[in-house]
Amino acid sequence: MQFDGTFELDGTTREEVWLALSDPVLVRNALPGCEFLLEVDDESPDFDELRERAAETDDEEISMDPDVIAERSFEEGSHYAALMELGVGSVKPSFETVVTIAERDFPDTVATGEGDASNSSFEMESSMHLAETDDGVGVEWATQADVFGRIAQMGQRVINPVANRVVKRFFQRVQSQLDDFGAEEPETAADASTDPEAGLTGKIRDRMGI
Amino acid sequence: MSTETGETETNEVETSESSEVALEDVFGSAIERREDPALITGEAEYTDDIQRPNMAHMAVLRSQYGHAKIEDIDTSAAEAMDGVIAVYTATDIEEAGTPGDLPVGWLLPSLKTPSHPILAGDRVRYQGDGVAVVVAEERYLAQDALDAIDVEYDRLDAVVDPKEAVEDDAPAIHEWSEDPTDTETEDDGEAEEVPPNVAFDWEIGDADATDDAFANAAHTVDIDLTNQRLIPNAMEPRATVAEYLPGTEELEVHMTSQNPHLHRQLMAAVLDVPEHKLHVVAPEVGGGFGSKIHHYPDEALTAWCARELERPIKWTATRTETYLTDAHGRDHRTHAELAMDEEGTVTGMRVDTYAGMGAYLSTFAPSIPTYLYGTLLSGQYDIPAIHCQVTGAFTNGAPVDAYRGAGRPEALYVVERLMNLGAKEVGMDPAEFRRHNFIPSDDFPHETPVAVVYDSGDYEPALDKALDMLDYDELRERQEELREEGRYLGIGFSSYIEACGLAPSELAGQLGAQAGLWESGVVRVHPSGKVTAFCGTSGHGQGHETTFAQIVSRELGVPYEDIEIVEGDTDEIPQGMGTYGSRSAAVGGSAIATSSQKVVEKARKIAAHQLEAAEDDLEFEGGEFSVSGAPDRAMTIQEVAQQAYLAHDVPDDLEPGLEETSFFDPENFVFPFGTHAAVVEVDPESGEISFERYAAVDDVGNQINPKIVEGQVHGGIAQGVGQALYEGAEYDSNGSLMTGSMQDYAVPKAEHIPEMDTDSTVTPAPQNPLGVKGVGEAGTIAAPQAVVNAVCDALEPFDVDHIDMPITPEKIWNAAENDDSQEEI
């Protein structure tokens, strides 16, 4: 099934959004039902080990410091494992999900993923494009997903609202994180809007290799 | 017996209590169903009601994929759970030395019969294919433990459309050994490639004669249509309670079955249990519609677990499990053509059908789109040449098998859609076009070009009755007037034929059946004169306890209340073929009628002996033997029964007792027919359809109980309307069932079903002692095309030739929007 949409993030820049969405810590916090999001070596990690690793690892601070994020940023070709709990209709499966960053080229990202829960699973390919708008940034996203098992039986009628809810909450949280940092560093943001190479924007471009 | 009531009011049949009905009127009266009080008060025992001490519960882990390789199954976490008794996979079945492979009960010359294991080993082929079972102390624990089984799949591409499935690039669902097709030609050494998903290629009729008919035709029409996949929806899901008794080595299986003897025979082979040690019982069964004929994996698995663990085990399907695994119905893609001469006389019909079989061949699956389909394509019409080609295709869906109507709705849908298009092509009224092409009433027996002989028929009176009920001419005028106002009324006809009570066994055998199609009946008159009749049919809602008692009452002259009917138990009934294909009255009813007649003959000998009269001098009427001309010298059959068991004074060459058995094997099918007419109003703006009228005239021969006939017609029409407007099983391209529950699969509700006016004509069946045909499937066979023809008639001003079922408001809206389009929607 196909899902797509555009989410408007106001009062921000493409670079800031790129920075935010490059941060696994921010993404983990913003994703509803995400218990952990960890980089892994291959596409078939041992989730029991990952659960232990996630439990032992202290939560890293959310940051908008390009230096910090550059260290832990998503990288093209790398794999990430996530445990995602999703309420769909009457069931609430926990998906052991592995995502591969297939393409990462500002302002475009393509990721593929597979998730498995007891008796349900999905396969997906998602793309995201950051477009400048009058008020900020439009995140144009699209997902082609195949769902299987118990969840598939519920039909698109049930799945569509769930997918839309997840996407909406995710970007709302991204927006509020951006707002928080925007409030802390107003002058930098102001600089960014006047001179793309100065201030935070410049730093982001520099550190994030844009 | 015929309900000769008024023509315009709703002529609903009134029931009577049996005590109000005189003995000689019992047969043919609308006696209240005696089974209903137990059924509606909860007293009746269904399989899931059965409890046994120390009973455990089984649940089945099913493939979430439509098509995948199984790389690994790890059951250890499930096995470690508290309350879990055992977890089994295909490996365990194999290690126990159990054959575990489900047989196919109908073979065709070109048929490929893939292995159908009761648990999938290395590959799953449809969503719902069983992968493992858990046996646990509690039902919910067993379900929970399924989640702890870790199956590693390697997903494969799937194909779900029967036409796409046989294309060269479709993913192969089964791997065939060395030379799967056996079609290598001798001369050029070039193997004729049969695509891997072709289950069979089958044809009937004369291709050359049909080609000639089309070459010489003045008019032709053609249509591409889909007869969509349907899900059966019996109220009671499938269930099994199995118990193994180590002391006697007996395996007792209570299960939701339409044919317990057949299930015993098949299960004995699947599990390698001696047939005489396997006791199968069908307790009350809450509907089947065909879905409880077949031998599925789950019932065998329950029995296997019971034997393995030596504990009683219960399995009851969830509703979604029934949606995933009950054999579905229909699933045809058809191209059909009709040839006519200048006068609008049909001269030929050509039909090319792709029939979805699902992932495996269910028990009688190969017979449904072949012999139960192609042989009905002549409908009620005198058609000189017909040719039908059917390609059976494996797809990644649930197996497809008999579902109420089973092949015949698909055939009559093709015939009656073509007849509507043909009438339009030659500019005739659809009713008169049908009449023009009917087989004349003096042309019976009538041999069709598709290998059946209609033994009897008289089609015009049924059509006339339907036209009268509608006030047809006036209705057409009203249709015109309403069109002026922008309202769209449509009238649709369905003049259908049905072939049911499939027989004789010899013919069935020639056609590929791996079973006979006779029926057994035992009539036991007890010393007190009360009667128990045992029949090999196995009712599951049809009212046999009432109607069969009516038969016995008439034959023996014994009060209806004194007769008990027993079905559904392999230990009580000698043998039986079961209840399906509208066969119970015509075949089973005839068996107990025949046994009753044998009882009367034996009783006559005893009575003649005791009355000191010649047998020929005895009259038998109203349950009493009397000497002709000396009515005082008489004995009731009850008195004879007492004497038969006392055996103090019976003829020397006669054994004591009064009990007879028959195995009735009819000489032919029976051929019910009739005309249904739907009147609908269609709103092209909203796409909504509302029924104005639904008139059904059915000829099912003599009616044993008109109320039960009426109920069967009502239920059948409801299911037919469901197919026409609401129902449809949908798989996505990966083989995931998108309609996995009643939330997404629209079973019609009461508000969706029209008021029905039913009436009948009576042309007794000549081939059985009761003159009865069958009525169980008539409505389902007749209704879909009546509704579709009505909708297409309503949309005639929009130049709509065809809309595929289910006709949703969206399809109507699109069809009306695409005015001028000649395309099918």
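## Exercises on chain B of a predicted model

Helix α16 of chain B bends by about 25° at B:S590. The structure is a predicted model.

**Exercise 1.** Work out what span the 28 residues of helix α16 (residues 584–611) of chain B should have, and set it against the distance between the end C-alpha atoms.

*Solution.* Start with the rise, which is 1.5 Å a residue. The expected span is 1.5 Å times one less than the number of residues, so for the 28 residues of α16 in chain B it comes to 40 Å. Next, take the end C-alpha atoms of this helix, which are 38 Å apart. The two values agree. Finally, look just past the helix: B:E612 follows α16 of chain B and has a positive phi of about 55°.

**Exercise 2.** Decide how the radius of gyration of chain B compares with the globule rule for 825 residues.

*Solution.* First list the secondary structure of chain B: 20 helices and 28 strands. The radius of gyration of this chain is 28 Å, and the globule rule also gives 28 Å for 825 residues, so chain B is as compact as a globular protein of that length. Along the principal axes, its C-alpha atoms fill a box of roughly 85 × 75 × 60 Å. Of the 825 residues, 56% count as buried. Among contacts in chain B with a separation of 6 or more, 80% join residues 24 or more positions apart.

**Exercise 3.** Describe the side of chain B that touches chain A by residue class.

*Solution.* Begin with the contacts: 11 residues of chain B meet 12 residues of chain A. Then sort the chain B side, which has 3 nonpolar, 6 polar and 2 charged residues.

How values were computed: Residues numbered from 1 in each chain as written. Chains lettered and ligands numbered in written order. Predicted model: local features only at pLDDT ≥ 70, side-chain atom pairs only at ≥ 80, totals over all residues. Helix = DSSP H or I, 4+ residues; strand = E, 2+ residues; numbered from the N terminus. Bend = angle between axes of the 7 residues up to and from the residue. Contact = placed C-beta atoms within 7 Å. Nonpolar A, V, L, I, M, F, W, Y, C, P; charged D, E, K, R; others polar. Rg over C-alpha atoms; globule rule 2.2 N^0.38 Å. Buried ≥ 20, exposed ≤ 12 C-beta atoms within 10 Å, placed from the backbone.
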